[in-house]
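Reader: I am in my first year and would like to look closely at a single part rather than hurry over everything. Please choose one, and explain each term with its cut-offs when you use it.

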Amino acid sequence: MALRNVLTTEVDDASLRQKSREITVIDDKILTLAEDMKETLYAQNGVGLAAPQVGVLKRLILVDIGEGLITLANPVIVYQKGSQKEMEGCLSVPGVWGIVERPEHVIVRGMTLEGKMTEIDAKGLLAIAFCHEIDHLNGTLYTDKVIEYVNPEHVSRGGK
Ligand code: ZN
């Protein structure tokens, strides 16, 4: 395993704005990428990480809101309901925090590292984390959606 460098908008904005490609096969390269992203996510105390954030334009995301790690390839939101306005940060936009409106409840469909299709029912913070990471796969950053920026002194939660 190895830590990967997390791209930031200050240096790599163009890379973070690209659309990532579908993953067709879970091969050793993807498994290594997932392991490295896991290590990187925890080293940075994040709650989520998308492959384009480490410079790999593939549709792979990791999410852990403190209830265990979820790794999904080709994640798609197949259902969404309600709305919530919560504070978000991003490992690729360090030192900035803001309020974003997201669905309160989503169902995400994707492929596990075992190559099986799965659906995850996510509410609250977990729903936010999935929406945030899936946006990364389409070159969208949460700062595109911020309603209001927040003073970082009032922030304690991990970035995505
Ligand atoms: Zn992010």
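**A close look at helix α3**

Author: Helix α3 covers residues 124–137, and its end C-alpha atoms are 21 Å apart, which agrees with the 20 Å that its 14 residues should span at 1.5 Å a residue. Helices (H or I, at least four residues) and strands (E, at least two) are DSSP runs numbered from the N terminus, and the expected span is 1.5 Å times one less than the number of residues in the helix. The model is a predicted one, in which local features need pLDDT of at least 70 and side-chain atom pairs count only at pLDDT 80 or more, while totals for chains, interfaces and linings use all residues. Residues are numbered from 1 along each chain as its sequence is written, and side-chain values use heavy atoms, with hydrogens and water left out.

α3 is mostly covered, since 13 of its 14 residues are buried; here buried means under 20% relative accessible area, exposed means over 50%, and partly exposed lies in between (1.4 Å probe, protein chains only). Just after the helix, Gly139 takes a positive phi of about 75°.

One of the covered residues to look at is Cys131, which is buried with a relative accessible area of 5%. Which cysteine has the sulfur closest to that of Cys131? The answer is Cys90, but the two sulfurs are 14 Å apart, too far for a bond. Cys90 counts as buried as well, at 5% relative accessibility. A disulfide is a covalent bond between the sulfur atoms of two cysteines, counted here when the sulfur atoms lie within 2.5 Å, and a search of the whole structure finds 0 of them.

Asp135 deserves attention for its charge partner: its side chain meets that of Lys145 in a salt bridge, at 2.7 Å from N to O. This pair links distant parts of the chain, with Asp135 in helix α3 and Lys145 in the loop between α3 and β8, 10 residues apart. A salt bridge is a side-chain nitrogen of Lys or Arg within 4 Å of a carboxyl oxygen of Asp or Glu. Asp135 counts as buried at 13% relative accessibility, whereas Lys145 counts as partly exposed at 36%. Both belong to a network of salt bridges that also links Glu88 and Arg102.

How many salt bridges does the structure hold? There are 7, and another of them involves the loop that follows our helix, where the side chains of Asp144 and Arg17 meet at 2.8 Å, N to O. Asp144 lies in the loop between α3 and β8 (146–149) and Arg17 in the loop between α1 (9–16) and α2, so the pair ties together parts that are 127 residues apart in sequence. Both partners are partly exposed, Asp144 with a relative accessible area of 44% and Arg17 with 35%.

Strand β7 (residues 117–123), which carries Glu119, is tied to strand β6 (residues 105–111), which carries Arg109, so this pair joins parts that are 10 residues apart in sequence. The two side chains meet in a salt bridge of 2.7 Å, N to O; Arg109 is partly exposed at 37%, and Glu119 is partly exposed at 45%.

To set α3 beside another helix, α2 (residues 28–43) has 16 residues and reaches 22 Å from its first C-alpha to its last, close to the 22 Å expected. Its buried residues include Ile30, Leu33 and Met37. After α2 comes Asn45, whose phi is positive, near 55°, and this residue is exposed, with a relative accessible area of 60%.
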